[in-house]
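User: I'd love a close look at a single part of this model, with the surroundings filled in afterwards. Please explain the terms as you go.

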Amino acid sequence: MKNTSMRATWAQCKAELIRTARNKRFVFFSVIMPVAFFFIFTSAMGSDTTVGGVDFSSYYLMSMTVYGVIGASLMSFSQRISKERSQGWIRLLHITPLPSWSYIFSKVAAQAFINLIIIAMMFIIGGIAKGIDLSPAVWIESGLWIWIGGFSFMALGTLLGTIKNADVVQVISMIVYMGLSVLGGLWMPTSTMSAELQNLAQFTPTFRLGQGAWNLVAGGSLDWRGVLILAAYVLVFMVLSSYIIKKREAV
């Protein structure tokens, strides 16, 4: 029975990966846009531009890597969950031998692997095309930070996925994605914003995820306040989504 569950879980993970790779929104928002923005802005700013003492190309590579990971969680992950709920797929799973944890695990595992691919892709492109030269430790630490921090946006994607209308989810996800990306300083550094917006940006998960990578590239360490803020977001998103799902299942 255990082997059967594991095989079924692995099969579902592979199905999730294939579905995501075929998703045009995923390819556009998580692959094409981050790469395009990276080349456009780094070319426009020039090689001598720095942000907080860090070469702009290195700084912006981290920004666009975070941008791609967030896009995968909000523009594809949340909509898959919403569609499956609206189509009754989750209820169907309740009458199959597949354990409930298998569905959740396969979703998270597949998305985590996809995020890892996005990070590796962006780092390879930045290193080869722009000659970004960071120490192996910084590459690994910043990549791990973005990957682990990306789980907070999976939690947000899960919350958005509780909305049964996939078209509504698409619109809301787009607004949240773009709004948080701009306000969090992923498109342009928060130093270019007004003082009021800079203060507001401090509390966004996008800024906190980007800040950790920016600090590491600058030779610093993680801001533990940022870690706590991201952890708080995960907790709030998961509690809300669990509450909504249980309430609907009880009806």
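What follows is about helix 2: where does it bend, and which of its residues are buried?

Analyst: Happy to help. This is a predicted model, in which local features need pLDDT of at least 70 and side-chain atom pairs count only at pLDDT 80 or more, while totals for chains, interfaces and linings use all residues. Residues are numbered from 1 along each chain as its sequence is written, and side-chain values use heavy atoms, with hydrogens and water left out.

Let's start with your helix. Helix 2 covers residues 24-45, 22 residues in total. (Helices are DSSP runs of H or I with at least four residues, strands are runs of E with at least two, and both are numbered from the N terminus.) From its first C-alpha to its last, helix 2 reaches 30 Å, close to the expected 32 Å; the expected span is 1.5 Å times one less than the number of residues. The bend is at I32 and comes to about 35 degrees, with the proline P34 following within four residues. That angle is taken between axes fitted to the seven residues ending at a position and the seven starting there.

As for burial, the buried residues of helix 2 are F26, F29, S30, M33, P34, V35, F37, F38 and T42. Buried means under 20% relative accessible area, exposed means over 50%, and partly exposed is in between, with a 1.4 Å probe and protein chains only. P34 is therefore both the proline that follows the bend and one of the buried residues, by the cut-off of under 20%. After helix 2 comes G46, whose phi is positive, near 90 degrees.

Now for the surroundings. The chain has 11 helices and 2 strands, and its elements run α-α-β-β-α-α-α-α-α-α-α-α-α from the N terminus on. Of its 251 residues, 47% are buried.

Helix 7 is mostly covered, with 9 of its 10 residues buried. One of them is T158, which has a relative accessible area of 17%. Leaving out residues up to four places away in sequence, T158 touches F77, I81 and S241, where contact means heavy atoms within 4.5 Å. Another buried threonine, T190, is at 13% and sits in the loop between helix 8 and helix 9. Beyond four places in sequence, T190 is in contact with L183, G184, G185, Q198, A201 and F207.

The structure holds 1 salt bridge, defined as a side-chain nitrogen of Lys or Arg within 4 Å of a carboxyl oxygen of Asp or Glu. R208 and D223 form it, with their closest N and O atoms 3.3 Å apart. R208 lies in helix 10 and D223 in the loop between helix 10 and helix 11, so the pair ties together parts that are 15 residues apart in sequence. R208 is buried at 1%, whereas D223 is partly exposed at 27%.

Finally, the outside. D133, in the loop between helix 5 and helix 6, is exposed at 70% relative accessibility. Its C-alpha is 8.3 Å from that of S58, although D133 and S58 are 75 residues apart in sequence. L116, which lies in helix 5, is partly exposed at 41%.
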